[in-house]
Amino acid sequence: MAFASQQSQGNPVTTTTGANYIPEIWSDGIKAYMEKALVFEKLVDTSLNGLVKGRGDVFHIPKLAADADAAKTAQTPVSFSANTHGESQLTIDQHRYVAKMVEDMASTQANPGLLEKEVSGMGYALAKQIDIFIENLLESQNSASHVDLATDNQLTAAEIRSGIQLLMEADVPTGECNMVVHPRLYVHLLSISDFVDASKYGAGAPAATGEIGRVYGVPVYTSTNIAQADGTGEEMGYIFHPSAISFARQLDVRTQSEYSVDYLGQKVVADVLYGGVKVFDDRIVEFRNP
């Protein structure tokens, strides 16, 4: 015999009634893993992120011409000058997405390990494409500022110094620059006495910050999104100032989902909208295979 106090009161919460909560759970997780996986975006100028939100597709970035002084001659008027300033155009034209359909969403979310793997995979895919996009902008730099390696996929202390010298000669503050290299070059950095591993100076674990060390005061990062190639002139690393590349997200990671009755699963799509432009050629130095 069932008593009234033992009977079910109302309706249970299901994946259908709780559907509005699912996108938020996925969105937070995907964005967290995406930010963790990014390397290049953290090292370039993203100051336009707030400006591009919800408006326009092309943004004009002024490139101010340098002023020049003049000698003053007694009893003569000064001469006035007017600079012709240049510009770079940042176009928001990259719309990338990752889509999955997960059957039995309730059981997936009940298993933290499985949900973590699904979320991390989607976040990593979006982050990888953003980094490839920015690396391509760096790669499009003209041929003037580059250092040819003496040996394929090997970087020496002298070659690093040559790269820093090119930046200094262009009046680029090297104290604000960063270096990103392919893992093959990183292995050779370890044999350079002037390279200091990040664990030695307490800047935070590389897994948390991405910074793996410093050489001649320049923070060093590594990325597999620099394509490995042994051909002549192939880029294997860069030293660059953040202002060399302007990057902006018009739409941060957005996650949308709906339940599919046909497949008895939850359809999830995460997307992001962004663009970028190379602003200053002479603030980028490439390390190229010979």
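Buried residues, meaning those under 20% relative accessible area with a 1.4 Å probe and protein chains only (exposed is over 50%, partly exposed in between), make up 39% of the 290 residues in the chain. This is a predicted model, in which local features need pLDDT of at least 70 and side-chain atom pairs count only at pLDDT 80 or more, while totals for chains, interfaces and linings use all residues. Residues are numbered from 1 along each chain as its sequence is written, and side-chain values use heavy atoms, with hydrogens and water left out.

**Chain overview**
- The chain holds seven helices and eleven strands, taken as DSSP runs numbered from the N terminus, with helices being H or I of at least four residues and strands being E of at least two.
- Of the contacts in the chain with a separation of 6 or more, 79% are accounted for by residues 24 or more positions apart, where contact means heavy atoms within 4.5 Å.
- About 15900 Å² is exposed by the chain, with carbon and sulfur atoms supplying 53% of it; accessible areas come from the Shrake-Rupley method with a 1.4 Å probe, and for residues only the protein chains shown count as cover.

**Nonpolar cores**
- The largest nonpolar core (a set of buried Ala, Val, Leu, Ile, Met, Phe, Trp, Tyr and Cys residues joined through side-chain atoms within 4.5 Å) has 31 residues, of which Leu126, Ile134, Val180, Phe240 and Ile245 touch the most other members.
- At least two residues of this core are supplied by each of helix H1 (22-37), helix H4 (112-139), strand E8 (235-240), strand E9 (245-260) and strand E10 (265-278), and the largest share, nine residues, comes from H4.
- Leaving aside neighbours within four places in sequence, Ile134 is in contact with Phe40, Glu41, Val44, Ile245 and Phe247.
- Apart from the largest core lies another core, of 23 residues, including Ile164, Cys177, Val181 and Ile192.

**Leu167**
- Leu167 lies in helix H5 (residues 157-169) and counts as buried because its relative accessible area is 0%.
- Not counting residues up to four places away in sequence, Leu167 touches Val172, Thr174, Cys177, Ile239, Asp282, Arg283, Ile284 and Val285.
- The C-alpha atoms of Leu167 and His241 are separated by 8.9 Å, although these residues are 74 residues apart along the chain.

**Glu286**
- Glu286, in strand E11 (residues 284-288), counts as buried because its relative accessibility is 0%.
- The side chain of Glu286 makes a polar contact with the side chain of Arg288 at 2.6 Å; such a contact is a pair of N or O atoms within 3.5 Å, where within protein one must be able to donate a hydrogen and the other to accept it, and residues adjacent in sequence count only if both atoms are side-chain atoms.
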